[in-house]
Amino acid sequence: MRKLVATIAVTMLASLCFGLFTYGGFGVNEYNQGETLLSWTLVFFIYIGAIILVFGNFVSITIEWFERRFKPFPWPVFVLLHGVFGLLNGLVFPAVEFALAGFLCAVFYALADRWLLWKKNSKAVVSALLIVPAVLVISSSAIVQWTSPPEPSFKAEDAIEKATGGEDTRAAAFPDVAGTETTTEEGLVVERTTSVENIGRETFLVTLTEKWRDEATGVERENFMTYKVKRNSMQLQDAGGEGTPR
């Protein structure tokens, strides 16, 4: 019971600390930083929790086995032993920062474990170790979210840019603004038109229409592609028509 509580408490605090150092990096968007912080915290919670649950508890149980077999350690020695084994994290992730993080996590784990032992797993101590870190995670994410600038609305211009922004695709040849462009390619007059329709909240249909005309024969062809575009997604909604006149 006490080791599980200590594991959860340490994991939440360590994950929040790593999240605070990470959420503003890796080229993330400056908007909705609170959501980004919470996401990184959850990612670290999974990895750090697994390490503490397996390795950390194994070390702690082994130390207590030696205490029962021989002689109980003074609590500072008990805590220091945990910290020494926590430094081994620097061997798995070769960096001084990771070794120090492992040491601090192990020390806090040992302190939480001893506190629970001294208080005989009292509900007050268990609640404090579980609720306080959770409140810190939630409040930190809320504060960061509140202080980050609001995300601008997703407009028709953004939808067109998203639909035509791919490289080495047919869509990339179309105008990146609503309108028509006319070019001549190998004796063919080509008209490419980009149009957009708002069909819902920040949801657009972007239609790319291509018309070909062979000036020598007068033969014409037309085809189109329609994409349903949202801020974080785009899918081909419809397509049809014919190829070039040749």
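## Helices first, then a sheet

Biologist: Happy to look at this predicted model with you! At roughly what angle do the axes of α3 and helix α5 (residues 96–118) cross?

Modeller: Glad to help! The axes of α3 and α5 come within 7 Å of each other. Their crossing is right-handed. As for the angle between the axes, the crossing is at roughly 145°.

Biologist: How many residues of the contact of α3 with α5 are nonpolar?

Modeller: On the α3 side, the contact includes W75, F78, V79 and H82, and these meet residues of α5, among them A99, G102, F103 and W118. Four residues of this contact are polar and two are charged. The number of nonpolar ones is 12.

Biologist: Now for the other neighbour of interest. Is α2 parallel, perpendicular or oblique to α3?

Modeller: The axes of helix α2 (residues 33–69) and helix α3 (residues 75–86) come within 10 Å and cross at roughly 140°. Angles over 145 degrees would count as roughly antiparallel, and 65 to 115 as roughly perpendicular. The crossing angle therefore makes the relation of α2 to α3 oblique.

Biologist: And is that crossing of α2 and α3 left-handed or right-handed? Which residues of α3 make the contact?

Modeller: The way α2 passes α3 is right-handed. From α2, the contact is made by F55, V59, S60, I63, E64 and E67. The residues of this contact divide into six nonpolar, two polar and two charged. On the α3 side, the residues are F78, L81, H82 and F85.

Biologist: Let's step back to the whole chain. What is the radius of gyration, and is the chain spread out or compact?

Modeller: The chain has seven helices and five strands, and from the N terminus on they run α-α-α-α-α-α-α-β-β-β-β-β. The globule rule gives 18 Å for 246 residues, and the chain is well over that, so it is more spread out than a compact globule. The C-alpha atoms fill a box of roughly 100 × 35 × 25 Å along the principal axes. The radius of gyration itself is 30 Å.

Biologist: On to the strands, then. Which are the edge strands of the sheet?

Modeller: The sheet is open, with five strands in the order β1-β2-β3-β4-β5 and antiparallel pairing. Neighbouring strands are turned by 15° against each other on average, direction ignored. An edge strand here pairs on one side only, and the two that do so are β1 (179–185) and β5.

Biologist: Which residue in the turn between β1 and β2 has a positive phi?

Modeller: β1 and strand β2 (residues 188–200) run antiparallel and are joined by seven bridges. Within that pairing, E181 has R192 as its bridge partner, and T184 stands opposite V189. The two strands form a hairpin with two residues between them. The turn residue with a positive phi, of about 55°, is E186.

Biologist: At the other end of the sheet, how many residues join β4 to β5?

Modeller: Strand β4 (residues 220–229) and strand β5 (residues 234–241) pair in the antiparallel sense over seven bridges. In this pairing, V229 stands opposite M234. The hairpin joins β4 to β5 through a link whose number of residues is four.

Biologist: One last thing: which helix lies across the sheet strands, and at about what angle to β3 does it run?

Modeller: The helix is α7 (residues 156–164). This helix lies across β2, β3 (203–214), β4 and β5. Its angle to β3 is about 55°.

Methods: Residues are numbered from 1 along each chain as its sequence is written. This is a predicted model: local features need pLDDT of at least 70, side-chain atom pairs count only at pLDDT 80 or more; totals for chains, interfaces and linings use all residues. Side-chain values use heavy atoms; hydrogens and water are left out. Axes are lines fitted to C-alpha atoms, for helices over the stretch in contact, and angles run from 0 to 180 degrees between N-to-C directions. Angles under 35 degrees count as roughly parallel, over 145 as roughly antiparallel, 65 to 115 as roughly perpendicular and the rest as oblique. A crossing is left-handed if the near helix is turned anticlockwise from the far one by less than a right angle, and right-handed if clockwise. Contact means heavy atoms within 4.5 Å. Ala, Val, Leu, Ile, Met, Phe, Trp, Tyr, Cys and Pro count as nonpolar, Asp, Glu, Lys and Arg as charged, and the others, Gly among them, as polar. Two strands pair if DSSP finds at least two bridges between them. The radius of gyration is taken over C-alpha atoms; the globule rule is 2.2 Å times the number of residues to the power 0.38.
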